[in-house]
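Reader: I am a first-year student, and I should be grateful for a close look at a single part of this model. Please describe how one pair of helices meets, and then place that pair in its surroundings.

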Amino acid sequence: MYKRKKISILYVIATFITGCAFYRAMPIDNSAVNLALKDPSMEKVRVQAKLIRHPVLKPIDFDDRDGISPDEAAILAVLTNPVLRAIRDRKNISMAQLIQAGILPNPQLDALTAGNTLGTIDAFGLGLNWDFISLISRKERMDAALSHVDAVDIDVAWQEWQVAQAAKLHVYRLLWIEQQVKLARAAVKGLRENLEVVKKAVKFGVLTAVDIAAAETTLQQIRILQLKLVQEQKREQIALNQTLGLPAGRAVLIQQNIALPSWPALPSASQITEGLEERRLDLLALKKGYESQEAKVMAAVLSQFPKIKIGFTQGGNLSSPITTGFAITLDLPFFDRNQGQIALEKATRNQLFDEYMARIFEARSEINRILRDMDLVKQQIAATEKFITEFRKLVQFYYTALQVGNADILVYYNTKNNLITKRIEYVKLEQELSDLGISLEIAAGEYFPGFETSLKGHSEKSDSTEVLE
């Protein structure tokens with residue numbers, strides 16, 4: 001009989017063990033780091049880019065062989081950015097919390113045996129009970145966990161959207177900076193040629209050392225500006241690589257002849273903010289989080305009722321009949337009525353409510369601010385374009401006057417230097433407008449139609465190619 005009991009106990013233990021999880025080590029070592037941070041496979045990215053599912057981002061035909069476009073950079077960043085991998089792990093955590101919320105407490109088994117002593121007889125007692133009160137708040141706990149899963153999914157999508165827009169922004173910036181570098185490079189080339197002509201003229205006694213100093217000073221000023229632009233270009237390239245999850249030293253080929261956005265016309269602030277709460281992903285995530293907390297408040301309120309345990313008991317010994325009955329254990333709510341947990345959940349709900357309202361206010365204010373800034377930058381672009389047109393005439397006037405000795409060489413070079421600087425500043429303003437356009441898309445939670453900007457004045461040909469004769 002003892003052997004049979006032992007086999008039965010082992011069978012019960014084995015039954016429970018088969019449903020348990022097992023520990024598996026996951027060490028952080030060099031091989032794990034190298035595997036996690038290895039360069040992404042472009043073949044794999046091409047397949048995934050066509051299958052991507054996102055509330056805002058759309059699948060594309062990814063082809064990086066001719067360089068990546070802004071839209072391709074956005075999708076590549078979503079697929080390969082290592083920060084997003086860690087953020088996506090929150091989905092698994094929320095799913096685990098959902099599973100945990102639906103699990104009911106285990107029944108409790110109490111067993112007692114006595115005997116096997118000389119002059120005594122075997123006796124036993126058996127009790128089985130279960131926490132019945134857990135059923136009352138189970139639905140609310142499940143609702144809270146389900147809303148939390150939705151909130152995490154949407155928040156992850158919001159993080160992906162921001163990373164995608166950041167990658168797109170870096171690509172556009174690189175294209176704008178490249179235009180500025182071309183202008184500076186052409187200006188330096190023209191000023192060097194001009195300096196050589198001035199030096200020859202000095203040898204023949206036509207010009208003086210003052211003319212050489214003026215030419216050299218202007219050349220060095222534009223040369224310094226060119227070096228600053230190249231340094232800015234390198235920093236932007238590193239920022240793009242970081243967003244894409246690529247090594248800092250890896251060269252990323254950018255697709256050329258891309259239409260750059262100029263945002264000539266946009267919806268009004270009231271049109272953009274209409275339906276913002278149902279469109280912007282972070283607001284949707286906050287709303288789902290609030291729904292989850294609302295369910296937690298209800299679960300806490302329901303859990304204030306006294307805990308009830310319903311049990312089954314059986315006992316006896318070999319010399320008396322076996323007795324069977326039910327047992328009910330009821331908590332007396334004199335002190336703990338779950339009031340602490342209820343207060344905590346309500347306070348958290350109030351915090352989420354206020355945070356949601358603050359986020360809406362912030363989003364609306366941000367949209368209005370960006371639209372105002374875009375309008376101001378457009379005015380600056382128009383004014384700078386007019387300035388360049390007039391300044392080009394002034395440079396030509398000084399150049400003509402200088403040929404006949406009716407102008408000062410220093411005034412001429414200062415004017416030429418200002419013109420070159422203004423042309424580069426003009427491109428910087430267009431870059432700033434492009435940045436603001438991307439910021440507006442993020443703030444509005446949607447794409448706006450892009451428009452090709454006028455590329456006049458962006459060619460490598462510069463006014464600095466005028467050479468003194």
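Author: The part chosen here is the meeting of α7 with helix α11 (residues 409–444), whose axes come within 8 Å and cross at roughly 15°. The model is predicted. An angle under 35 degrees counts as roughly parallel, and α7 and α11 are therefore roughly parallel to each other. In passing α11, α7 makes a right-handed crossing.

The residues on each side can be followed in the structure. From α7 come Val210, Asp211, Ala214, Ala215, Thr218, Gln221, Ile222, Leu225, Leu229 and Glu232. Facing them, α11 contributes Ile409, Leu410, Tyr413, Asn417, Ile420, Thr421, Ile424, Lys428 and Gln431. Sorted by class, the contact of α7 with α11 holds eleven nonpolar, five polar and three charged residues.

One residue beside this contact deserves attention. Asp408 belongs to the loop between α10 (339–403) and α11. With a relative accessible area of 41%, Asp408 is partly exposed, because that class lies between the limits of 20% and 50%. Asp408 and Asp211 are 197 residues apart along the chain, yet their C-alpha atoms are separated by 9.5 Å. Asp211 is itself one of the α7 residues in the contact with α11.

The other end of α7 leads towards the interior. Helix α7 spans 209–244, and Leu244 is among the residues with the most contacts inside the largest nonpolar core, together with Ile254 and Leu440. That core has 89 residues, and α6 gives the most to it, with 23 residues. In soluble globular proteins, nonpolar side chains tend to be buried together. Leaving aside residues up to four places away in sequence, Leu244 touches Ile68, Ala73, Leu76, Ala77, Thr80, Asn81, Ala167 and Val252.

After α7 the chain enters the loop that runs to α8 (269–273), and Asn257 lies in this loop. Asn257 counts as exposed, at 83% relative accessibility. Although Asn257 is not a glycine, its phi is positive, at about 55°. Most residues other than glycine have a negative phi.

Two of the residues touched by Leu244, Ala73 and Ala167, also take part in a second helix pair, that of α4 and α6. The axes of helix α4 (residues 70–80) and α6 come within 8 Å and cross at roughly 140°. These two helices are therefore oblique to each other, and their crossing is right-handed. On the α4 side the contact is made by Pro70, Asp71, Ala73, Ala74, Ala77 and Val78, and on the α6 side by Glu160, Val163, Ala164, Ala167, Lys168, Val171 and Tyr172. This contact of α4 with α6 divides into ten nonpolar, no polar and three charged residues.

Helix α6 (residues 138–203) also meets helix α9 (residues 281–302), where the axes come within 8 Å and cross at roughly 165°. Consequently, α6 and α9 are roughly antiparallel to each other, and α6 passes α9 in a left-handed crossing. There the contact residues comprise 13 nonpolar, four polar and nine charged.

These pairs belong to a protein with eleven helices and four strands. Of its 469 residues, 37% are buried. Among contacts with a separation of 6 or more, 78% join residues 24 or more positions apart.

Definitions and conventions
Residues are numbered from 1 along each chain as its sequence is written. This is a predicted model: local features need pLDDT of at least 70, side-chain atom pairs count only at pLDDT 80 or more; totals for chains, interfaces and linings use all residues. Side-chain values use heavy atoms; hydrogens and water are left out. Axes are lines fitted to C-alpha atoms, for helices over the stretch in contact, and angles run from 0 to 180 degrees between N-to-C directions. Angles under 35 degrees count as roughly parallel, over 145 as roughly antiparallel, 65 to 115 as roughly perpendicular and the rest as oblique. A crossing is left-handed if the near helix is turned anticlockwise from the far one by less than a right angle, and right-handed if clockwise. Ala, Val, Leu, Ile, Met, Phe, Trp, Tyr, Cys and Pro count as nonpolar, Asp, Glu, Lys and Arg as charged, and the others, Gly among them, as polar. A nonpolar core is a set of buried Ala, Val, Leu, Ile, Met, Phe, Trp, Tyr and Cys residues joined through side-chain atoms within 4.5 Å. Buried means under 20% relative accessible area, exposed over 50%, partly exposed in between (1.4 Å probe, protein chains only). Contact means heavy atoms within 4.5 Å.
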